[in-house]
Every structure is written in C-alpha cells, then in structure tokens.
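Hi everyone, thanks for making time. I'd like to walk you through one structure today, so have a look at it first.

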There are 2 protein chains.
Amino acid sequence: MAAQLESVERCLEKHLPAPELQEVKRILYGKEPRKLDLASAVVKAASQHEFELQGYAFEAAAEQLRQPRKVRVGLIQNRIPLPTETAVTEQVAALHKRIAEMVEVAAMCGVNIVCFQEAWTMPFAFCTREKLPWTEFAESAEDGPTTRFCQELARKHNMVVVSPILERDEPHGETLWNTAVIISNSGAVLGKSRKTHIPRVGDFNESTYYMEGNTGHRVFQTAFGRIAVNICYGRHHPLNWLLYSLNGAEIIFNPSATTGELSECMWPVEARNAAIANHCFTCAINRVGTEYFKNEFTSGDGQKAHHEFGYFYGSSYVAAPDGSRTPGLSRLQDGLLVAELDLNLCRQVSDKWNFKMTGRYEMYAEELAKAVQQDFRPNIIRE
Amino acid sequence: MAAQLESVERCLEKHLPAPELQEVKRILYGKEPRKLDLASAVVKAASQHEFELQGYAFEAAAEQLRQPRKVRVGLIQNRIPLPTETAVTEQVAALHKRIAEMVEVAAMCGVNIVCFQEAWTMPFAFCTREKLPWTEFAESAEDGPTTRFCQELARKHNMVVVSPILERDEPHGETLWNTAVIISNSGAVLGKSRKTHIPRVGDFNESTYYMEGNTGHRVFQTAFGRIAVNICYGRHHPLNWLLYSLNGAEIIFNPSATTGELSECMWPVEARNAAIANHCFTCAINRVGTEYFKNEFTSGDGQKAHHEFGYFYGSSYVAAPDGSRTPGLSRLQDGLLVAELDLNLCRQVSDKWNFKMTGRYEMYAEELAKAVQQDFRPNIIRE
C-alpha cells in the first residue's frame with residue numbers, strides 16, 4: 001500500500017477545482033445522486049459508534065399511473081472486531097453486537113432493506129485451507145443463531161435483512177455452502193440464495209470449503225421490492241447478474257470479501273456495469289481491514305508463507321441503472337451507506353435503453369448451448 | 001457542456017499531488033501500462049496533421065513454452081472534416097484522405113491492426129431519419145470504394161484494417177447493414193461482421209435504417225492474433241462480448257459513435273468490464289465533435305427541433321484482461337491511440353481468475369432457453 005487513501009471520491013473533492021470536479025464526477029460517476037439530509041442524532045450515533053455514515057437518493061421521473069416506489073437500502077461494511085484466535089462463540093457474539101449497533105442507526109435512517117458483507121459472522125479464513133476452527137462458524141440457514149439474531153433485528157426494525165453466512169446444510173450430509181439468508185421484515189425466513197460461482201484465485205481458496213451453489217437465480221419479493229443476492233465472485237460473471245435480472249430483480253446485492261492488489265481496479269467496474277446492463281440497482285459491499293491468522297499460509301504466488309490476508313478495501317457503493325453511482329464508503333473504516341432508490345427508475349431506464357428488448361436472448365441461448373458441446377468448434381474465419 | 005475538459009486522466013494528472021495521484025490511478029485504472037517511447041519523427045508527424053498521439057504497452061509475464069506475442073493496435077478517432085451538406089463523394093474523399101494521413105503515422109508506430117470508428121465514411125446522420133442522401137454513403141463490403149481504399153492501406157503498410165461502414169448488401173435486395181469489413185494485411189478481404197444489436201434510444205434511430213446483424217459471432221484469425229468486432233450498441237450487451245470471446249477472440253474492437261449526456265458515464269465501464277469478464281483485450285473507439293444537419297430534427301425528448309447531434313466525446317481507450325486500461329484519447333480532438341498488447345496476457349489472466357472454467361455455461365444455456373419461452377415464469381419467492 002502506498003498512501004492510505006480514504007477514498008478516491010474524497011481525494012478528488014479535496015484537490016480538483018470546482019468546475020473540473022463537476023465534469024470529472026459527471027464523466028466518472030454519472031448524474032450525481034442527491035445527498036440525504038440525515039438528522040443530527042443519526043450522524044451523532046454513527047460517530048459515537050465509530051463508523052462512517054453516508055446517504056444518497058436516486059430519483060426517477062414522475063409517472064401518471066405509478067406512484068414513486070422509494071425504498072431505502074443499507075449497506076454495512078465492517079472489520080472483524082476480535083482477533084481470529086478468539087473463541088468462535090466470542091467472535092460471533094462480538095460481530096452480532098457490532099452489527100446490531102449499526103443496524104440500529106440504519107433503522108434511524110429509515111432503512112427498509114439491510115445487507116451485510118459476505119460471511120459476515122467470521123473472518124475470511126479460507127486463505128488458510130485449515131478446516132478447524134473455521135468450519136465451526138457454519139450455521140443452519142433456517143434456524144441457526146445468526147438467522148435467529150437477524151429475525152429479531154427484522155421484527156424490531158420492520159426491516160428486510162440479507163444475511164450472508166457460512167451455511168451448514170444438515171439435511172444434506174452436513175455440507176457447507178456460502179449462502180445468503182433473506183429474512184422478511186415480518187421476521188420470517190423468506191429463503192436462501194447460494195453463491196453461484198466459486199473462486200480459485202490467490203488466497204480465495206473457497207473451493208476447498210464449498211461447491212457452486214444449487215439454488216439457481218431466485219428473486220425474493222419483499223414488502224419493499226424484488227431483490228436478489230449475487231455473492232462475491234459471482235460479480236465477475238455477467239450471466240449471473242443477467243439471470244437474476246431476468247427473474248425480476250430490481251435490486252441485486254453483491255456481498256463480497258475482496259482485497260487490494262487482487263481486485264481493487266475491477267471493483268468500481270463490475271457491479272456498476274451490471275446495473276447498467278440489466279436496468280437494475282446493484283449494491284456492492286466489501287469488508288474492511290487486514291485479517292491476521294496464527295498459522296502461516298502461502299498464497300500460491302511464489303512468496304514466503306505469511307500470516308495476513310491482503311487488505312480488504314471497503315469502498316462499498318450503490319450503482320443505478322442509468323450508470324450513476326454513489327461515492328464509495330471509506331477504504332479504511334466501518335461504514336453504513338444508506339441509499340434511497342426510486343425503483344421506478346429501473347423500468348424508465350429499460351424503456352429508454354431497451355437492453356432486454358434488443359437482447360436477442362434466443363440467439364444466445366442457442367449459441368451458448370452449442371458452445372458447451374464437447375465437439376464445439378469456434379467460429380474462426382481464416383484467410 | 002460545462003468546462004471543455006480534455007480528458008479526465010489529464011485533469012487528474014494536473015491537479016492531484018503525486019502520492020495521491022498514484023493511488024487514485026491504481027484504483028481507477030489498475031496497473032499502469034508502460035508508455036511507448038515514440039520516435040520524435042512520429043510525434044512530429046502527428047502534430048503536423050493536428051491529431052493527438054498516445055502510445056502504451058501492456059506486458060505479460062515470460063513463459064517457458066510461448067514467446068511473447070506482441071501486437072500493436074491502432075485506434076483512430078476523428079471528426080468529420082467537411083460539413084454534412086457537402087456532396088457525398090467529397091465527404092467520403094475527405095475522410096479517406098484524413099484516415100490515410102493518420103494510418104501513415106500508425107504505420108510509423110509499427111501498428112499491426114488498425115480500427116476506425118463506426119460508420120467512418122459518413123456523418124452519423126441516423127438522427128435525421130431521412131433516407132437521402134445518407135443512404136448514398138452505403139457501399140459494398142466486398143468491393144466498394146472504401147474497401148478498395150482499405151485494401152491499399154493494408155498492402156502498403158502490411159496492416160490488418162478494420163473498416164466499419166454502412167453496407168449496401170446488393171445480392172440481398174440491396175438492404176443496408178451496419179458492418180465492419182476486416183481486411184487482412186495481405187490486402188484480402190477476410191470477411192465482415194455486422195452489428196449484433198441495434199439501438200432505439202435518443203437520436204440513435206438506427207433501426208430506421210438497418211436490422212440486427214446476421215453474421216453471428218465470427219472471429220477473424222489474422223497474422224497478428226484473433227480479433228472480433230462488437231459494433232457500438234453491442235457493448236451494452238455482455239452476452240455479445242462473451243460469444244465473441246467463446247469463439248476465440250483475443251482482441252475485441254468496439255467502434256462506436258456515442259454522445260455526451262447519453263452515455264459518457266457508461267463509456268469507461270462497459271468495454272472495460274468486457275475485457276475483465278472475458279479475459280481479453282477490448283478497444284473502444286468513439287468519434288469526436290458535433291455534427292450539424294441542415295434540416296431540423298427532434299430527439300424524442302420533449303425538446304424543440306434542432307440541427308445538431310449531441311457531442312461525440314472521443315475518449316477512445318484500450319482495456320486489458322487484468323482490469324487495467326490506457327488513458328483515454330482526448331474528448332476534443334482527432335487522435336491515434338497505439339497500444340502494444342502481449343496477447344499471452346489473456347491466457348495468463350484466464351488461468352489466474354478462471355472465469356471461463358467457473359462460468360457454468362451449461363446452466364446458463366438452459367436457464368436462458370427457459371427464460372425466452374412464452375410461458376416463462378420468473379423464479380420469484382414470496383412469503
């Protein structure tokens with residue numbers, strides 16, 4: 001790491017003269033979302049709990065037949081509060097406590113749907129390739145302690161909770177999955193959505209722990225809109241976003257855990273491209289900080305064994321179907337990003353740009369079906 | 001337009017302090033490509049002909065079994081040199097002359113494959129919805145005057161030429177297409193590739209003139225690597241990029257014509273996302289300037305009839321599979337961007353990130369086939 005930059009956006013705001021700043025922001029980030037006017041009590045609460053709070057609103061044009069459909073989403077990014085050597089139950093309890101504090105503030109901001117980072121109840125220990133104690137963080141999606149905790153949050157705050165955990169699938173041979181549990185604002189478990197694509201890159205040895213998800217591209221009809229969850233590495237796969245969208249998702253959450261040198265220059269591109277290509281909102285969430293592991297491990301990169309995961313750079317953001325986006329949360333600290341979305345914008349942008357109408361999906365279904373055949377011969381023209 | 005910004009990258013370089021600049025560039029643009037050391041005669045020639053010249057090299061790791069496969073691509077963006085009222089043949093001749101000058105400099109830079117902007121022999125007159133004289137710019141892809149002109153360039157400079165034109169398809173009822181002609185460095189016409197997706201947005205009334213292309217996702221094996229052409233609006237369609245890639249493309253050109261308020265914030269996102277998602281190089285080319293049309297036209301946006309197309313913002317760039325990219329060419333003037341690509345980087349990044357290996361295309365072929373059925377029911381979970 002060179003300088004410890006808080007965020008690109010803040011750096012630009014600090015150094016660029018006003019007219020240039022306006023143009024640069026227009027080109028880099030699109031139409032600027034309106035800043036939410038957050039009550040001072042809320043700002044104070046965030047500050048007391050030592051996390052950043054940002055709020056923005058994406059607006060849509062007025063329509064004659066539909067009322068605005070405004071929903072507030074909350075994206076939470078955080079460090080692990082306790083060292084990774086601490087007892088599993090203590091680590092989980094400390095994370096529950098931290099998230100409860102942050103969700104409290106989200107509720108004060110009127111958040112309707114909150115989403116936490118990937119595998120939020122644990123360190124991202126998959127770099128180690130050790131099984132114990134990390135697999136002990138796995139829980140039942142339906143009635144594990146974390147799901148029960150989230151159900152309480154949901155009922156208390158009348159909030160939909162998206163809770164990405166390491167899942168222990170008892171009825172199916174106690175296998176593990178990387179799973180997001182979707183809890184209705186009623187407190188009921190609405191369902192679960194498993195990570196579609198599993199990485200084998202650098203310290204992301206996740207294929208050692210769990211397989212590609214088998215829950216397809218479910219979309220969840222909540223009281224506040226239709227949502228889907230594309231977990232982490234699935235953001236690199238445009239088809240994954242597309243199928244959530246074709247199944248009706250208006251907001252796609254992308255809870256992630258990803259580190260500096262590996263992916264930081266891709267981070268602002270992929271979820272945002274998905275919002276554009278699919279006429280929907282996308283919410284990209286990354287954890288923060290460096291996680292230390294007692295036993296040394298190697299990273300498959302020719303370097304010496306070491307104890308630290310690379311730097312999780314936060315930078316969570318929301319992207320809108322018109323190509324605009326919020327600034328990112330800090331690269332350095334815990335944060336809550338509140339975004340008010342008028343979901344009417346999705347269809348308005350779709351009617352303007354027509355990517356689904358012009359998508360030619362029948363042709364692609366055929367071409368893709370051919371491309372996966374063993375005897376597929378690429379269509380290469382030679383002189 | 002607020003300030004007339006030359007380019008975002010140049011603005012950042014001017015105003016950010018060195019350490020912040022380095023971090024901002026790393027996060028926004030990835031690993032910095034090496035600047036090409038261009039001979040002073042070349043720089044002088046570009047300056048004499050009043051166009052910007054930039055050169056960069058993307059490098060790959062050394063391998064034991066493969067030599068580096070370095071290829072130089074040239075991206076040319078330009079204004080139309082003559083008013084749109086000028087006689088068709090004069091406009092075409094002026095464009096041929098301008099491009100010949102620029103290709104001359106590209107040849108001095110050692111460019112192996114050059115690509116021009118979309119419909120490069122004409123103004124982008126599709127905003128008018130008038131047929132004459134614009135349809136008179138259409139030519140045979142196989143033996144029209146522009147193809148013959150490009151064949152000469154190709155032979156003279158030992159260069160592959162990608163020439164996107166308005167095609168008149170004589171054998172098929174004289175229909176029009178938006179087509180890229182690919183000319184081998186031998187001078188032979190290697191083939192053609194038609195625009196897959198056609199826009200109906202704002203002033204881009206192209207569906208008035210031609211239909212969705214029927215040439216599929218061909219890839220052209222040239223002496224310098226396997227290339228494909230994804231014309232303009234096809235860059236919004238991730239499946240389009242994917243199929244070119246599955247057919248073996250290492251470099252995908254995206255000759256475009258697109259304007260400020262409509263798409264500028266999407267421009268840096270889409271072709272770059274495609275380079276990342278498909279482990280290939282992408283080359284995004286946009287024209288420059290404002291085009292004036294004698295007869296007024298409306299834009300379907302509630303505004304009064306007017307004579308000018310929106311501002312074509314140039315900003316052509318090359319994106320690499322590792323998420324890095326070149327700075328953009330100027331937003332304001334003609335330019336030639338030379339990029340040296342080591343094509344070995346494509347497989348190296350693929351082996352690292354594995355998006356094709358983890359792509360689950362069989363699943364998507366099935367899901368997509370279902371999604372296009374008349375009786376498709378989205379997979380929506382309700383409480």
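Let's start where the two chains meet: chain B and chain A bury about 8,200 Å² between them, with carbon and sulfur atoms giving 67% of that. Buried area here is the accessible area (1.4 Å probe) that two parts lose on being put together, summed over both.

Some housekeeping before I go on. This is a predicted model, where local features need pLDDT of at least 70 and side-chain atom pairs count only at pLDDT 80 or more, while totals for chains, interfaces and linings use all residues. Residues are numbered from 1 along each chain as its sequence is written, chains are lettered from A and ligands numbered from 1 in the order in which they are written, and side-chain values use heavy atoms, leaving out hydrogens and water.

Back to the interface. In contact terms (heavy atoms within 4.5 Å), 89 residues of chain B touch 89 residues of chain A. And 100% of the interface residues of chain B are also interface residues in chain A, so the copies meet through the same surface.

How many salt bridges are there between chain B and chain A? There are four, a salt bridge being a side-chain nitrogen of Lys or Arg within 4 Å of a carboxyl oxygen of Asp or Glu. One of them joins the side chains of Arg26(A) and Glu261(B), at 3.9 Å from N to O. On chain B's side, the element that gives the most to the surface touching chain A is helix α10 (residues 361-371), with nine residues. Helices (H or I, at least four residues) and strands (E, at least two) are DSSP runs, numbered from the N terminus.

Now over to helix α9 of chain A, residues 344-353. Its buried residues (under 20% relative accessible area, 1.4 Å probe, protein chains only; exposed is over 50% and partly exposed in between) include Leu345(A), Val349(A) and Trp353(A). What covers the buried residues of α9(A) includes β11 (281-285) and β17 (335-342) of chain A, and also α7 (260-263) of chain B. Asp351(A) sits in this helix too, but counts as exposed, at 56% relative accessibility. Right after α9(A) comes Asn354(A), with a positive phi near 60 degrees.

Last stop, the sheet. Chain A has an open sheet of eight strands with mixed pairing, in the order β1-β2-β17-β3-β4-β5-β6-β7. Its edge strands, β1 (34-35) and β7 (189-194), each pair on one side only; pairing takes at least two DSSP bridges between two strands. Inside it, β4(A) and β5(A) run parallel over three bridges, and Val114(A) has Val161(A) as its bridge partner.
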